[in-house]
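Here are my notes on the model you sent round, written as numbered points. Keep the structure open beside them as you read.

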Amino acid sequence: MAWWATSYRKATLLLFGLVLLAAGLLTVFDLRLASSQAITLTANQVIEPVPLDDPFAAVWNQASPVEIPLSAQEVTQPMGGGSARAVTARALVDEKRIYFLLEWEDATEDLSLASQEAFRDAAAIEFPSDGGQTLPSFCMGQTNAHVDIWQWKGDWQADIDRGFASVAETYPNAHVDLYPFRDDKTFYPGWAVGNPFSQRERVSPVESLVAGGFGTLTSADVQRVAGVGRWQDGRWRVLFVRELAVGDDDGVRFSLGGSTNVAFAVWDGSRGERDGQKSVSQFTDLRIGREAESGGISTGTWILIIALLSGLLAALVAASGWFILGRGRRSP
Amino acid sequence: MPKVPNWQLGREMDYPYERGKPQRQFAAVFNINRCIGCQTCTMACKSAWTFSEGQEFMWWNNVESKPYGGYPQFWDVKLLALLDEANPDGQVWDTSAKDAQNAPYGRYDGLTIFEAAKKAGARQQALGYLPSDKEWRAPNIYEDTSVSWSQGSSLPEHSTWFFYLQRICNHCSYPACLAACPRKAIYKRAEDGIVLIDQKRCRGYKKCVEQCPYKKPMFRSATRVSEKCIACYPRVEGKDALVDNEPMVTRCISACVGKIRLQGWIDDEKSPVYYLVRKEKVALPLYPQFGTEPNVYYIPPRWVPRPYLEQMFGPGVEDAIDRYSNPSEELLGVLQLFGSTQRLIFSYEITDEAAIGFDEKGREIVRVPIEEPVIVRPPQHLNIT
């Protein structure tokens, strides 16, 4: 066989081997290329009004979308989730409010909790609370560094759109003779004690929460986050909105030109995801009030492309070296 | 995971929390032999606690016919299958390792639901499953369905058999619902060991529904949180003026027309329940192998094949039936106290003539003759038409 054919085959094999090795390592350690990069979500400043009821509004073309990788929650019980691989996050800010738009793939629209086996679709955004002594863990924070969480819930959205579903509406063929004391809260303990899940009059599909460690998640005293979620063609788009100016105890503060961290989570109800069983991201940088970047390819994506190209170049150089060496040895 | 003592298993076991012993533990004994399946207990509970919207399917007290019945359907068969799958052929007892106080039935060498979950990778606290709407829907399915048909029966075991199993929340010493709740919304009361769901903290994750092996927490769609049997705690606390604000037994226990139920404290030596369970060992826990240390105890039915009963109540069955069939004078006396008063009996005394129940302060609240006097009706009062 000609010398060049052998060397060429060696080089091809080496390149193939390198690619295989890299793919193998990524698979074994469940590493995703995107998660090793530094992602920054920028809330671009806009002048036009951002509609509070339409997550598909054209103004969102002015945002810089960032794809945030998600993975199953494997830190504390109950573990699981991971059905959504990524969420696309966008953010805008104006003089008065900050807006976040999450978009992710989900084949089913899960809005009802009426059945014993049913669970809701949901999405959440998490920020380090003001006054923490350190950057909190993205897993629900810790005692000296709390987190603020905004969770949008599919069933709360349905409550707003269609009203709180009664059992008669859910099970039209069921028969009940009589409910004594039908409207007396005493016989609906969750409702009577003010559990936010049991309330029949909803103002927002988004619940504002605080947490300082696992099992401490608590609904905030002041609920100031509005929002809307719409499912279309196998994708959710959920909008979260809050005033920039809030009171001392009304949740995390945002300032134009400032920055903080943000993490995301998504639940797929049809897969039984709830609580810790979710697709979750780590903390990402959030910048508030910069101008839109040109192009539409984020810094993170550029870094990824450059890293991949460098890797490929290095592999090619190595392969060429092998090729040249092999040729040299065979020279008369 | 901490190790906690479980006297029903005769050994320590894994549980997510350290043992938090209440001042005293709610407990009850149900005598299966006496139940006629009238469901008066079921309706007493229903009319007290679960008559509102979203509770239509809820039966905090239910009576199911074994072996085929179950609410939710096949709940116990499913749990046993899951455990067997987790530990094939390993769910066994060593009955030679008996100890009157710490291992009255011997030592359980199999896996509890907590240990099985740990073995499977500890992704949740306890082995379990979420019953479907269909499984909740028919609480009385297979009512009175016996295993086969044959002519004639004689003790000790019938070849054609069924029995009623009366079920409420077991207010377990190691509740799986409490372990499962990621919110810590379920708690065990220090004063009486009653297990409750905090209706304000619950976020409706249904983890308790999934991991309680007895399937007694239930999700209520009208409030979107879970609810469960509360052991009629306002009655146990003595909040009812009807009985001078003295502790009363639960609705299901006081309503029982067959007088098969007796409420007391499992850890108070003066309580008749303590006597029946710990001293006489005539009443046994339901599926002790689940590992939650349940606190409702059953006098097993005499006519049912022993292997079935041993699977359900552990290896103490033969001795329990033997003692029940040949009762001591004290046992005979205590059996008279069942269903004799709606006040809670804290202590008792058995004399030659009567069984006497006392309240917490030692005051007599009930006196029942050991043997009813025989009264022959005079001819003018005979009910002959």
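1. Start at the end of helix α2 in chain A: right after it, Gly163(A) has a positive phi, about 95 degrees. Keep in mind that this is a predicted model, so the angle comes from predicted coordinates like everything else here.

2. Now step back into the helix itself. α2 of chain A runs over residues 154–162, and its buried residues include Gly154(A), Asp155(A) and Trp156(A), along with Gln157(A) and Ala158(A). What do the buried residues of α2(A) pack against? Three strands of chain A: β6 (122–128), β7 (147–153) and β10 (226–232).

3. Still in chain A, have a look at strand β14, residues 284–288. Strand β1 (residues 40–45) runs parallel to β14(A), joined to it by 4 bridges, and Leu41(A) sits opposite Leu286(A) there. Strand β12 (residues 259–267) of chain A also pairs with β14(A), but in the antiparallel sense, again over 4 bridges. In that pairing, Val262(A) faces Thr284(A).

4. On to the contact between the two chains. How many residues of chain A are in contact with chain B? The count is 30, and they meet 30 residues of chain B. Two helices of chain A, α3 (167–170) and α4 (189–192), each put at least two residues into the side that touches chain B. α4(A) gives the most, with 3 residues. By type, that side of chain A splits into 15 nonpolar, 12 polar and 3 charged residues.

5. Chain B overall: I find 12 helices and 17 strands. The C-alpha trace spans about 75 × 50 × 45 Å along its principal axes. A compact globule of 385 residues would have a radius of gyration near 21 Å, and chain B agrees, with 21 Å. Of those 385 residues, 51% are buried. Taking contacts in chain B between residues at least 6 apart in sequence, 60% link residues at least 24 apart.

6. One of the sheets in chain B is open and has 4 strands, in the order β12-β3-β14-β13, with mixed pairing. Its edges are β12 (261–265) and β13 (284–285) of chain B, each paired on one side only. β12(B) and strand β3 (residues 26–31) of chain B pair in the antiparallel sense over 5 bridges. If you want a specific pair to look up, Ala27(B) has Gly264(B) in β12(B) as its bridge partner.

7. Another open sheet in chain B has 3 strands, ordered β15-β16-β17, with antiparallel pairing. Why is one side of β15 (347–350) and of β17 (364–369) in chain B left without a neighbour in the sheet? Both strands stand at the edges and have a single partner strand each, so there is no neighbour on the other side. From one strand to the next, the twist averages 15 degrees.

8. Finally, what sits on that sheet? Helix α12 (residues 329–337) of chain B packs on it and touches β15, β16 and β17 of chain B. The direction of α12(B) makes about 125 degrees with that of β15(B). Within the sheet, β15(B) is joined by 4 bridges to the antiparallel strand β16 (residues 354–358) of chain B, and there Ser347(B) stands opposite Phe358(B).

Note on methods:
Residues are numbered from 1 along each chain as its sequence is written. Chains are lettered from A and ligands numbered from 1 in the order in which they are written. This is a predicted model: local features need pLDDT of at least 70, side-chain atom pairs count only at pLDDT 80 or more; totals for chains, interfaces and linings use all residues. Two strands pair if DSSP finds at least two bridges between them. Axes are lines fitted to C-alpha atoms, for helices over the stretch in contact, and angles run from 0 to 180 degrees between N-to-C directions. Two residues are in contact if their C-beta atoms, placed from the backbone, lie within 7 Å. Ala, Val, Leu, Ile, Met, Phe, Trp, Tyr, Cys and Pro count as nonpolar, Asp, Glu, Lys and Arg as charged, and the others, Gly among them, as polar. A residue is buried if 20 or more other C-beta atoms lie within 10 Å of its own, exposed if 12 or fewer, and partly exposed in between; C-beta atoms are placed from the backbone. The radius of gyration is taken over C-alpha atoms; the globule rule is 2.2 Å times the number of residues to the power 0.38.
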